[in-house]
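Trainee: Hi, do you have a moment to go through a model with me? I'd like to pick it apart piece by piece.
Mentor: Happy to, let's put it up.

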Amino acid sequence: MRDSLVAAVHDLGDPSVYEREFDSYGEALTAEIATLRASADEAARWAIEHVEVRPGFHELVDRFDPVIVSSGLPQLILPVLGREGVDLDVRSNFADPSSDGWRVRFRHEGPCPVCGDRCKRRSLPDEHPLVFVGDGYSDRCASLACERVFARDGLAGYLADGSYPFEPFDTLADVAAALS
């Protein structure tokens, strides 16, 4: 329901990082993750207790076996999938937890050749057609590489402003129904 990394920064890190301006998404993500000071085990316990999946998650997973492409971290994603009893392909960044601030390790070396930032486009599956479901800033470039896009919140606004086609959604049950 909420971005797990943003929620973790608010609860386990320093949310004042969101008041700063950065030159790139990669720089912003590095700074956000660096505010985390919890151990990996503490972060996992926090995620299990606080991260909610969007309604319809299990229906979508059971019917389509999606790939999770995230700019987030496995330390926050995998415990939630475990709690939900789900085993999916997760393609995300990584982090080295440290009491003096976690250090991000990006999934791909260097910036994206399309957008010039540290996006997740290169983590998309090679098979086409691709269906993309997203809601945030980090979904922009990746969504433009897909044949069908379901968007909400900031991603929907970005796509609408650019006159890019997308289908709005509220729950993942909406997405599953539209794909039927």
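Trainee: At the start of α1, which backbone nitrogen does a side-chain oxygen of aspartate 3 reach?
Mentor: That of leucine 5, to within 2.9 Å. Keep in mind that this is a predicted model.

Trainee: Noted. And which residues of α1 are buried?
Mentor: Helix α1 covers residues 4-12, and its buried residues are Ser4, Leu5, Ala7, Ala8 and Val9.

Trainee: What covers them?
Mentor: Among the covering elements are α2 (25-34), α3 (40-50) and α5 (74-83).

Trainee: Where does Leu5 fit into the largest nonpolar core?
Mentor: Leu5 is one of the residues with the most contacts inside that core, together with Ile33, Leu36, Trp46, Leu73, Leu76 and Trp102. The core has 21 residues. Elements giving two or more residues to it are α1, α2, α3 and α5.

Trainee: Let me zoom in on isoleucine 33. What does it touch, leaving out residues up to four places away in sequence?
Mentor: Isoleucine 33 touches Leu5, Leu73, Ala95, Trp102, Arg103 and Val104.

Trainee: Which residues does the second core include?
Mentor: Ile68, Ile77, Leu172 and Ala176 are among them. That core is separate and has 14 residues.

Trainee: Changing topic: how many disulfides does the structure hold?
Mentor: Zero.

Trainee: Why is there no bond between cysteine 141 and cysteine 119?
Mentor: Cysteine 119 has the closest cysteine sulfur to that of cysteine 141, but the two are 3.8 Å apart, which is too far for a bond. The cut-off for a disulfide is 2.5 Å.

Trainee: And what about cysteine 146?
Mentor: Cysteine 146 is in no disulfide either, as the nearest cysteine sulfur, in cysteine 141, is 9.9 Å away.

Trainee: Is cysteine 146 buried or exposed?
Mentor: Buried, at 12% relative accessibility. Cysteine 141 is buried as well, at 9%.

Trainee: On to charges, then. How many salt bridges are there?
Mentor: The count comes to nine. One of them joins arginine 63 to glutamate 59, with the closest N and O atoms 3.6 Å apart.

Trainee: Where do arginine 63 and glutamate 59 lie?
Mentor: Both are in helix α4 (residues 57-64), four residues apart, which is about one turn of the helix. As a reminder, an α-helix has 3.6 residues a turn, so residues three or four places apart point the same way. Arginine 63 is partly exposed at 41% relative accessible area, and glutamate 59 is partly exposed at 35%.

Trainee: What does arginine 91 pair with?
Mentor: Aspartate 89, with the closest N and O atoms 3.1 Å apart. Arginine 91 is buried, with a relative accessible area of 17%, whereas aspartate 89 is partly exposed at 35%.

Trainee: And which residue forms a salt bridge with aspartate 170?
Mentor: That's arginine 152, and the closest N and O atoms are 3.2 Å apart. Aspartate 170 sits in the loop between β7 (167-168) and α8 (172-178), while arginine 152 sits in the loop between β6 (148-151) and α7 (153-161), so the pair ties together parts 18 residues apart in sequence.

Trainee: Which residues do shared salt-bridge partners join into one network there?
Mentor: Arg152, Asp153 and Asp170. As for accessibility, arginine 152 counts as buried at 15%, and aspartate 170 as partly exposed at 46%.

Trainee: Great, thanks for the walk-through!

How values were computed. Residues are numbered from 1 along each chain as its sequence is written. This is a predicted model: local features need pLDDT of at least 70, side-chain atom pairs count only at pLDDT 80 or more; totals for chains, interfaces and linings use all residues. Side-chain values use heavy atoms; hydrogens and water are left out. Buried means under 20% relative accessible area, exposed over 50%, partly exposed in between (1.4 Å probe, protein chains only). Contact means heavy atoms within 4.5 Å. A polar contact is a pair of N or O atoms within 3.5 Å; within protein, one must be able to donate a hydrogen and the other to accept it, and residues adjacent in sequence count only if both atoms are side-chain atoms. A salt bridge is a side-chain nitrogen of Lys or Arg within 4 Å of a carboxyl oxygen of Asp or Glu. A nonpolar core is a set of buried Ala, Val, Leu, Ile, Met, Phe, Trp, Tyr and Cys residues joined through side-chain atoms within 4.5 Å.
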